[in-house]
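Welcome to this short tour. Open your viewer, show the chain as a cartoon, and we will go from one selection to the next.

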Amino acid sequence: MLPRLLPASVLSGACRIGTRIYAAIRPRRFAIVRRNLAALALPGDPALVARRNFSEFGRKLAALWRFEAGLPVDDIARDGSGWEHFSAAVASGRGVLLVTPHLGNWEFGGPLLARKGVRPLVLTAAEPGAGFTELRRDSRGRHGIETLVVGRDPFAFVEVMKRLQDGGVVALLVDRPQSGTAVTVGFRGRPFEASIAAAELARA
């Protein structure tokens with residue numbers, strides 16, 4: 001597997017070149033990204049911002065593949081500030097629900113929490129490719145992180161509620177809702193389809 005054979009810097013550089021080539025040979029895809037980023041009113045020329053976005057996505061892929069190959073990510077998943085708030089929430093014993101969209105390398109949140117002695121339950125939809133669901137479950141499992149695939153087991157929600165009631169930590173991504181479980185919310189003045197799971201779990 002390439003992530004194990006290539007140095008991290010070489011893999012990252014190759015992935016960045018690959019995503020730039022993809023943007024060049026798929027102009028319609030590039031135009032979609034450019035249009036979406038322009039709608040966010042980010043500073044700078046939209047085309048340059050879009051090119052940088054593709055390049056940074058290449059770096060993200062390289063880091064993710066190293067993680068999925070079982071390589072250490074301590075040099076990538078670094079501590080930030082504000083941990084005292086999270087620690088206080090965990091210490092309350094009421095359960096903690098971590099909610100994030102698909103932005104950045106969200107997979108590194110698990111190892112970062114594991115270093116703090118926290119083993120979250122990660123909720124995920126089935127991945128759109130053969131073997132990807134199991135691959136990501138196994139890569140998280142190396143860090144002692146459990147994965148629960150929602151949508152397959154009608155009683156999965158009960159397990160999640162029990163975990164929270166027992167004071168555990170549950171993490172989910174809010175921007176990939178299951179069919180029939182979406183609610184339209186606003187994001188920077190535009191409609192956004194979000195999962196209602198976070199609100200339902202917080203209320204339970």
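How much area does the chain expose, and what share do carbon and sulfur atoms supply? About 12500 Å² is exposed, with 58% supplied by carbon and sulfur atoms; areas follow the Shrake-Rupley method with a 1.4 Å probe, and for residues only the protein chains shown count as cover. You are looking at a predicted model, where local features need pLDDT of at least 70, side-chain atom pairs count only at pLDDT 80 or more, and totals for chains, interfaces and linings use all residues. Residues are numbered from 1 along each chain as its sequence is written, and side-chain values use heavy atoms, leaving out hydrogens and water.

Start with the cartoon: nine helices and six strands make up the secondary structure. These are DSSP runs numbered from the N terminus, helices being H or I of at least four residues and strands E of at least two.

Next, select residues 46-68, helix α4. Its end C-alpha atoms lie 32 Å apart, which agrees with the 33 Å expected for 23 residues at 1.5 Å a residue, taking 1.5 Å times one less than the number of residues. Following α4, pick Gly-70, whose phi is positive, near 85°.

Now move to Gly-93, in the loop between α5 (83-91) and β1 (96-100). Its relative accessibility of 39% makes Gly-93 partly exposed, a class between buried (under 20%) and exposed (over 50%), using a 1.4 Å probe and protein chains only. Leaving aside neighbours within four places in sequence, Gly-93 contacts Gln-165 and Gly-167, where contact means heavy atoms within 4.5 Å.

Finally, add Pro-27: its C-alpha atom is 51 Å from that of Gly-93.
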